[in-house]
Amino acid sequence: MRCFTSTNLRQIKVIMNLKDLHLHWGECKYKGKSYRTYSLARAYRLNGKNRKETVFKLGKLTDEEVIKWRSLLKAFKNPDAIVTTLDDINVIKHFSYLDVAAANAIWDYWQLDDVFQNNGKREIGISNIARILSINRCIDPMSKSQNPDWFASTALQWILEIDRNSINTSRIFRELEVIENHKEAICEHIFNLLNRRYPKSMHSVFYDLSSTTFSGSRCLLMKWGHCKEGYRNHVVLAIVVNKDGLPFYWEVLPGGTSDANTIVWLLDRLKKRFKSINTTLVFDRGMVSDDNLTLLEDKDNEIKYITAMDKSQIKGLTDVDFSKFKYFDLEDIEEQASKLTGFVKLNDDTFYQEIKIEGKRRYILCFNPQLFIDQRKARSQAVVNFRFFVKNLNAELLNAKKSRQHEATYKKFKQKITKFKLTSFVDVKLRKKNVSIEKEDKTEQKIQTYQGTVKIDSTDKQTAEELDGFWLLVTNHTERNGKTFNISAQHAINPYRDKVVIESAFRDIKSFVKVSPVCVWTEVHVKAHYTICVLSHLINRTLTLRLHENKGKITKGIVSHEKLYKNLSDCTVDHINIKNVGQSAYSLSIVTKEQKELLARIGLKNLISKNVTKKIKSLS
């Protein structure tokens with residue numbers, strides 16, 4: 001579509017159909033100077049020879065006018081061409097395209113429609129409802145009731161060939177239960193695909209829990225209690241991901257569910273799948289209990305695991321004299337770590353020592369210099385913070401209007417000591433302080449208050465510092481080939497350190513996907529909400545992995561799905577109205593170099609192919 005303002009346009013259209021003309025030029029001289037003159041000409045054949053006929057003389061033209069005439073003639077060769085002006089063109093609406101199309105393509109990559117085969121007599125398939133809800137969580141998370149309006153503002157209606165009016169709130173809520181009824185089938189489907197496509201990534205799988213707060217009060221799964229956000233109404237999401245952070249199993253558990261109690265639940269649901277592959281379950285020390293480890297070691301389960309023991313258990317499970325480490329110095333820790341007797345250097349971050357095999361459990365003691373630095377600095381900062389607290393509380397106590405009780409005052413200090421994790425070497429000594437206050441009748445009254453003094457036991461502080469930087473790994477990979485373990489210490493330690501992938505999964509689900517606040521309350525709807533959120537994370541994580549695998553040049557700084565979506569979101573399908581001819585059309589906005597490179601990096605260049613643009617134009 002082109003815009004021209006030539007005053008001769010109507011006259012020329014009467015003379016000849018512009019699509020048969022071309023711009024012809026010739027040279028002439030005037031007062032010794034050469035000039036180009038232009039005309040519109042028609043080419044034809046006569047007696048087997050090429051001829052041309054001058055139809056209309058244009059005379060001298062500026063470079064800008066030449067460009068306009070050539071563009072005009074080229075446009076008229078297109079049967080869809082029309083003549084208009086900029087004032088007659090209005091963009092009615094922008095429809096999100098490239099970002100939603102990318103997320104939609106990843107849904108197809110995981111073949112998730114295959115899970116929802118039986119749609120019954122539904123006008124809109126269950127898979128499409130699940131797809132729309134999942135993509136919304138990726139792009140612009142909002143409540144289920146707002147999804148229909150969001151869907152109508154995107155190009156998904158044409159990509160999926162669904163009438164925008166067919167997506168409504170009642171249909172969405174009606175299908176949530178059906179989606180959740182497919183959860184086990186979805187998990188099985190993703191699990192099988194991961195085994196076929198990325199078998200090495202399933203050698204270690206990671207399990208963890210996280211809480212999500214509720215804004216309502218009616219959900220049966222919701223419980224009041226302590227969670228990472230404090231004391232709130234919450235439920236617990238349990239999730240299992242592979243080495244690449246791709247989820248393949250999840251469950252919503254009642255609020256207040258203890259981490260350690262979920263291992264039994266996990267085994268009950270996954271032991272058949274775990275037996276079908278050679279895998280190791282990696283989980284955090286918060287789930288470790290003797291009963292849980294015994295359960296995993298049971299011959300009927302035969303699940304290999306890697307985890308870590310609680311810090312308080314390290315001394316009891318090893319014969320190492322940790323007192324010799326309490327004099328480690330922050331400034332010289334790298335050199336001191338390299339001289340650890342009996343330890344082997346795995347890398348700059350880890351030194352290890354095989355401790356013992358006890359029953360089916362193998363213990364490996366690890367030392368991390370950076371962890372040592374972090375723990376020492378954190379403890380020192382905690383002491384500074386506590387001193388600051390004592391100073392402020394002392395000032396408050398001096399301004400007391402009534403006498404204070406010793407026990408209640410001491411309790412305030414002790415609660416803060418516990419919060420800062422300083423109970424092993426920090427205490428507060430209270431001394432009485434008599435102060436005078438002025439009463440309302442201007443008379444003075446004597447009251448008794450207290451002032452706290454921080455007491456630090458240097459011997460106990462050194463004892464607390466003995467285990468800085470150390471952690472104890474435990475695994476049931478005890479098999480040997482002669483004196484050599486089948487699974488080396490390196491291959492036991494690295495998977496536990498890789499558990500950051502599941503922490504990243506929770507960060508994505510709870511922040512970008514925005515699992516909270518949960519705006520549904522029936523048990524099945526709450527679980528369906530989490531299923532949608534996990535599927536969204538599957539899409540997000542897949543795109544992030546592709547960005548990391550394929551480095552760009554002009555987009556090398558874009559390595560997360562958040563930045564990817566933001567960049568792609570500028571490419572939209574635009575609904576355009578042309579007033580002077582009474583027509584409207586749809587067109588894809590200009591694709592930038594950055595967007596083209598990003599599509600190449602994630603393997604989705606087809607989203608801007610000629611077939612796509614042709615289909616968009618056909619919408620009008």
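**Overall burial and fold**

I started with burial: 47% of the 620 residues in the protein are buried. I am working from a predicted model. I then looked up the secondary structure and found 21 helices and 22 strands. Next I checked how far apart in sequence the contacts reach. Taking contacts between residues at least 6 apart in sequence, 66% join residues at least 24 apart.

**Helices α4 and α7**

I looked at how α4 (residues 126-139) meets α7 (residues 169-181). The two pack at an angle of about 105°, and their axes are 10 Å apart. The pair therefore counts as roughly perpendicular, since the class runs from 65 to 115 degrees. I listed the residues that make the contact. From α4 they are I126, I129, A130 and L133. From α7 they are R171, I172, E175, L176, V178 and I179. By class I noted eight nonpolar residues, two charged and no polar.

**H182, in the loop after α7**

I then moved to H182, which sits in the loop between α7 and α8 (183-197). Is H182 buried or exposed? Its relative accessible area is 18%, so I put H182 down as buried; the cut-off is under 20%. I set aside neighbours within four places in sequence and looked for its other partners. H182 touches V115, F116 and I126. I met I126 above, on the α4 side of the contact with α7.

**Helices α18 and α19**

I turned to α18 (residues 523-549) and its packing on α19. Their angle is about 90°, with the axes 9 Å apart. So α18 is roughly perpendicular to α19. On the α18 side, I539, N540, L543, T544 and L547 make the contact. On the α19 side, H561, L564 and Y565 do. I sorted this contact by class as well: five nonpolar, three polar and no charged residues.

I also asked which residues of α19 (residues 561-568) are buried. They are H561, L564, Y565, N567 and L568. I looked down the axis of α19 to see where they point. The buried residues fall within an arc of 165°, so they line one face of the helix. H561, L564 and Y565 appear both in this buried set and in the contact with α18.

**Cysteines**

How many disulfides does the structure hold? I found zero. I checked C138 in particular. The nearest cysteine sulfur belongs to C533 and is 9.7 Å away, and C138 is in no disulfide. A disulfide would need the two sulfur atoms within 2.5 Å. I looked up accessibility too. C138 has a relative accessible area of 0% and is buried. C571 is also buried, with a relative accessible area of 0%.

**Two loop residues with positive phi**

I looked up the backbone at Q111 and K421. Q111 is in the loop between α3 (98-109) and α4. Its phi is near 50°, a positive value in a residue other than glycine. I recorded Q111 as partly exposed, at a relative accessible area of 32%.

K421 lies in the loop between α14 (406-419) and β16 (426-438). Its phi is near 60°, again positive in a residue other than glycine. Is K421 buried or exposed? Its relative accessibility is 73%, so I noted K421 as exposed; the cut-off for that class is over 50%.

Technical notes: Residues numbered from 1 in each chain as written. Predicted model: local features only at pLDDT ≥ 70, side-chain atom pairs only at ≥ 80, totals over all residues. Heavy atoms only, no water. Axes fitted to C-alpha atoms, helices over the stretch in contact; angles between N-to-C directions. Helix = DSSP H or I, 4+ residues; strand = E, 2+ residues; numbered from the N terminus. Parallel < 35°, antiparallel > 145°, perpendicular 65-115°, else oblique. Contact = heavy atoms within 4.5 Å. Nonpolar A, V, L, I, M, F, W, Y, C, P; charged D, E, K, R; others polar. Buried < 20%, exposed > 50% of the residue type's maximum accessible area, 1.4 Å probe, protein only. Arc of directions from axis to C-beta.
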